[in-house]
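The following report describes the fold, the packing and selected residues of one protein chain. It begins with a pair of strands and proceeds outwards from there.

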Amino acid sequence: MLVGLRPARAVIPPLAGDRAVLHAGPPVAPAGLCGPMRGAMVGAALYEGWAATPDEAAGLLDRGEIALQHCTHDWGVVAPMAGVVSPSMPLFEVRDDAAGHVAYGPINEGIGAVLRFGAYGPPVIERLRWLQDVLAPALDAALRRAGGVPLVPLMARALAMGDEMHQRNVAATSLFLRQVAPLLAEVASGAPLAAILRFLAEGDQFFLNLAMVAAKTLTLGIQHLPGCTLVSAMSRNGVEFGLRVSGLGDRWFTAPAPTPEGLYFSGYGAADANPDMGDSAIVETVGLGGFAMAAAPAVAGFLGLASVGEAAGITRAMGEITAGRSARFLIPSLEFEGTPLGIDVRAVVRLGVTPVINTGIAHRAPGIGQIGAGVVRAPLQVFEQALAALAAALEPAPGHE
């Protein structure tokens with residue numbers, strides 16, 4: 001259930017202090033930041049008022065005066081691309097009260113020159129402050145008035161309407177808008193209401209962040225199952241790809257982050273692309289995104305695939321490396337077969353087939369933003385490392401065979 005929005009500092013302990021941020025992917029030191037994540041850090045410093053200019057913000061970062069307080073997954077947070085979360089940012093709060101789980105994620109800003117892709121110009125900062133001061137309070141009030149919005153049924157319906165919930169969220173965003181618009185009209189009016197509705201209506205990717213937080217809430221249920229070989233998280237920081245496996249808890253297994261293959265906006269190409277980054281691969285972990293490509297034929301060309309048949313083939317291939325099929329996320333074009341669910345590191349290593357992840361492409365330099373979209377395959381090395389560690393953890397101690 002999406003129950004409301006909370007300031008990050010109110011729900012993430014490390015952000016309660018001064019000049020601290022979270023970031024996507026496995027941990028990374030300030031000196032190791034990729035260009036777009038560095039740009040997002042600069043933008044966060046400007047947004048928070050820690051610095052007045054990009055140069056001042058960069059200086060704070062270089063002197064270690066902005067604390068990189070662990071990665072987002074350590075605190076039940078997921079954020080796309082650079083994944084930078086700072087104290088003032090409003091976060092969606094998604095709860096599974098039956099299981100006792102809660103997860104958080106920021107509001108999607110749109111596409112192009114946005115913070116999550118490393119941009120930090122004045123329009124970026126102005127939009128972040130509008131999200132904080134105008135959109136978030138109204139949406140929070142609307143959600144609390146409704147008693148929350150169930151996300152999984154909405155996501156299942158959007159999947160049947162052509163979304164895979166990673167690169168295509170048109171149906172999900174529309175369904176969400178349809179549900180919350182009357183509630184927003186009860187708590188806001190005039191120009192603010194018009195601006196909020198326009199933002200939601202024009203942001204085809206708005207629901208991406210909600211899908212991510214819902215997926216994180218679901219995966220919390222398998223985060224610490226002894227001996228379990230299912231993947232509980234995949235994430236990237238623009239330098240390394242990180243994997244977590246249920247049976248090994250919070251331990252990261254890492255390898256160099258691959259660079260996506262796909263389509264580029266006019267004027268850009270592969271030489272401009274940063275290696276993959278972001279927490280958004282959490283949706284593949286629950287059977288969406290690249291695993292649900294057969295449900296979203298409109299995405300195939302946008303991601304650089306040759307045909308709709310190739311998209312369906314990806315879904316079929318992902319079924320070979322999962323423990324089963326979803327009972328909730330059903331694909332009409334495959335006779336309502338469930339999406340492949342539960343990535344099993346044993347199958348990945350045995351077959352040499354790695355997860356396909358749908359993703360955006362950021363410019364490698366800070367301050368520019370999104371330059372395309374495509375697909376990327378998780379590196380096999382991390383699955384091999386995880387499987388070896390699982391085997392070692394399960395090996396009986398001497399004298400206890």
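## The S1-S4-S5 sheet

Strand S4 (residues 90-96) and strand S5 run antiparallel and are joined by six bridges; strands are DSSP runs of E of at least two residues and helices are runs of H or I of at least four, both numbered from the N terminus, and two strands pair if DSSP finds at least two bridges between them. The model is predicted: local features need pLDDT of at least 70 and side-chain atom pairs count only at pLDDT 80 or more, while totals for chains, interfaces and linings use all residues. Residues are numbered from 1 along each chain as its sequence is written, and side-chain values use heavy atoms, with hydrogens and water left out.

Within the S4-S5 pair, phenylalanine 92 has glycine 105 of S5 as its bridge partner, and leucine 91 stands opposite proline 106 in S5. The two strands form a hairpin with four residues between them, and in the turn glycine 100 has a positive phi of about 80°. On the other side, S4 pairs with S1 in the antiparallel sense over five bridges, where leucine 5 stands opposite phenylalanine 92.

Together these strands make an open, antiparallel sheet in the order S1-S4-S5. Its edge strands, each pairing on one side only, are S1 (2-7) and S5 (101-106). From one strand to the next the twist averages 30°; angles run from 0 to 180 degrees between N-to-C directions, with axes fitted as lines to C-alpha atoms, for helices over the stretch in contact. Five of the seven residues of S4 are buried, that is, under 20% relative accessible area, whereas exposed means over 50% and partly exposed lies in between (1.4 Å probe, protein chains only). Helix H4 (residues 122-146) lies across S1 and S4 and runs at about 150° to S1.

## The S9-S14-S13 sheet

Another open sheet of three strands has the order S9-S14-S13, again with antiparallel pairing. Strand S9 (261-264) and strand S13 (356-362) are its edge strands, each of which pairs on one side only. The twist here averages 20° from one strand to the next.

S13 pairs with strand S14 (residues 370-377) over seven bridges in the antiparallel sense. In this pairing, valine 356 stands opposite arginine 377 of S14.

## Overall dimensions

The chain contains 13 helices and 14 strands. Its radius of gyration of 20 Å agrees with the value near 21 Å for a compact globule of 401 residues; this radius is taken over C-alpha atoms, and the globule rule is 2.2 Å times the number of residues to the power 0.38. Along the principal axes, the C-alpha atoms fill a box of roughly 65 × 50 × 45 Å.

Of the 401 residues, 58% count as buried. Among contacts (heavy atoms within 4.5 Å) with a separation of 6 or more, 70% are between residues 24 or more positions apart. The chain exposes about 14,800 Å², of which carbon and sulfur atoms supply 55%; these areas come from the Shrake-Rupley method with a 1.4 Å probe, and for residues only the protein chains shown count as cover.

## Nonpolar cores

A nonpolar core is a set of buried Ala, Val, Leu, Ile, Met, Phe, Trp, Tyr and Cys residues joined through side-chain atoms within 4.5 Å. The largest has 89 residues, and those touching the most other members are Leu139, Met155, Met165, Phe176, Leu184, Phe206 and Phe207. H4 gives the most to this core, with ten residues. A second, separate core of 33 residues includes Ala255, Phe291, Ala347 and Val348.

Setting aside residues up to four places away in sequence, methionine 165 touches Met155, Ala158, Leu159, Ala172, Phe207, Leu208, Ala211, Val283 and Leu288.

## Two buried residues

Valine 213 belongs to helix H8 (residues 206-219) and counts as buried because its relative accessibility is 0%. Beyond its neighbours within four places in sequence, valine 213 is in contact with Val78, Phe92, Val94, Ala103, Tyr104 and Gly105.

Leucine 135 lies in helix H4 and is buried, with a relative accessible area of 1%. Not counting residues up to four places away in sequence, leucine 135 touches Ile107, Trp130, Ile196, Phe199 and Phe206. Leucine 135 and alanine 195 are 60 residues apart in sequence, with a C-alpha to C-alpha distance of 8.7 Å.
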